[in-house]
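Work through the exercises below with the sequence and the model open. Try each task before reading its solution.

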Amino acid sequence: MATPILCLAGPTASGKSAAALALAERWPLEIITVDSATIYRGMDIGTAKPSAQERARVAQHLLDIRDPAQSYSAAEFAHDARQLIRDIRARGNIPLLCGGTMLYYKALREGLNNLPLANAAVRAQIDQEAASLGWPGLHRQLAGYDPETAARLSPNDSQRLQRAIEIYRVSGIPMSAWLRKARPSDDAGHRYMTLSLEPSDRLVLHARIAARFGQMMDQGLLAEVAALHARSDLHTGLPSMRCVGYRQLWAHLDGDARLQAAVEQAVAATRQLAKRQLTWLRAQPERVVVDCLAADARDRIIDAAAQVWR
């Protein structure tokens, strides 16, 4: 049986990138980045993208592969990641999946339902309605025809709400019904194992998140968002501009929020993201947990990887 592919996952600010670099010091690996934000060029500070020096230490794939005006789906990621796994192994190296976009992991490991394609006109109409009614208002409408999907989505989760509403309007079938259909199988035959970096104290992780966002602001995140805001082809309906941190600072630049309020909202949204990531991780089979706050976390990570790559 082929060696399992290690997925180094964890909530935001859990130290995944540092852990991956520690592993790269001991094994001939290449990193396949599992992140829906670092794919965008010009979005470096707010995505905690690896530096040029870090990229020079180990090959890191799927960074800077899209302009912020473009899209990149989970299905595209799964296709690209499978090809990279084959290529990396052909070079005699070890593929390491590392990142926190859980939908990408799901698409790669389980396959995706054949959901209807995105429809720009329908999305624009939904955005107009959201500007008038608010996303909680659209959430209440969704509950009327797809209560199952509405129950698992936050009333303010604009991106997922838009997609669920879009699917129903395009197809006449609720998203929950689409998701119950059988998924195409992954014929690559890979076996995956999750090494999950999780905090023993959620409050400490929350403090890390706040501190890291403060560092991003000190590094020039507002100027980075302002440069994107100045582009005529970018808007808040794009996946790139919905990334945590960018969305809140964009609202500030639009005059909809004071800077301090935007920062607080970004930190709160990041904490909610971490909560969703942890919920997903705790449902994973063959999950090996390492306390990312432990003094010997680095050694535990190396020991866990050694069990997979022995």
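The exercises cover the domains, their interface and some side-chain pairs.

The model is predicted: local features need pLDDT of at least 70, side-chain atom pairs count only at pLDDT 80 or more, and totals for chains, interfaces and linings use all residues. Residues are numbered from 1 along each chain as its sequence is written, and side-chain values use heavy atoms, with hydrogens and water left out.

**Exercise 1.** Find the domains and state how far apart their centres are.

Solution. Start with the bounds, which come from an automatic or database domain assignment. Domain 1 covers 5-112 + 185-307, and domain 2 covers 120-180. Next, take the centres over C-alpha atoms: they are 26 Å apart.

**Exercise 2.** Describe the interface between domain 1 and domain 2 by its area.

Solution. Use buried area: the accessible area (1.4 Å probe) that two parts lose on being put together, summed over both. The value here is about 400 Å². Carbon and sulfur atoms give 33% of that area. Then look at the domain 1 side. Pro239, Arg242 and Arg276 supply 83% of the area that domain 1 buries against domain 2. No other three residues supply more.

**Exercise 3.** Which side chains meet in a salt bridge between domain 1 and domain 2?

Solution. Apply the rule: a side-chain nitrogen of Lys or Arg within 4 Å of a carboxyl oxygen of Asp or Glu. The count between the domains is one. Asp127 and Arg242 form a salt bridge, at 3.6 Å from N to O.

**Exercise 4.** Explain why the pair Arg298 and Glu25 ties together parts distant in sequence numbering.

Solution. First, the total: the structure holds 20 salt bridges. In one of them, the closest N and O atoms of Arg298 and Glu25 are 2.8 Å apart. Now place both residues. Helices (H or I, at least four residues) and strands (E, at least two) are DSSP runs, numbered from the N terminus. Arg298 lies in helix H14 and Glu25 in the loop between H1 and S2, so the pair joins parts 273 residues apart in sequence.
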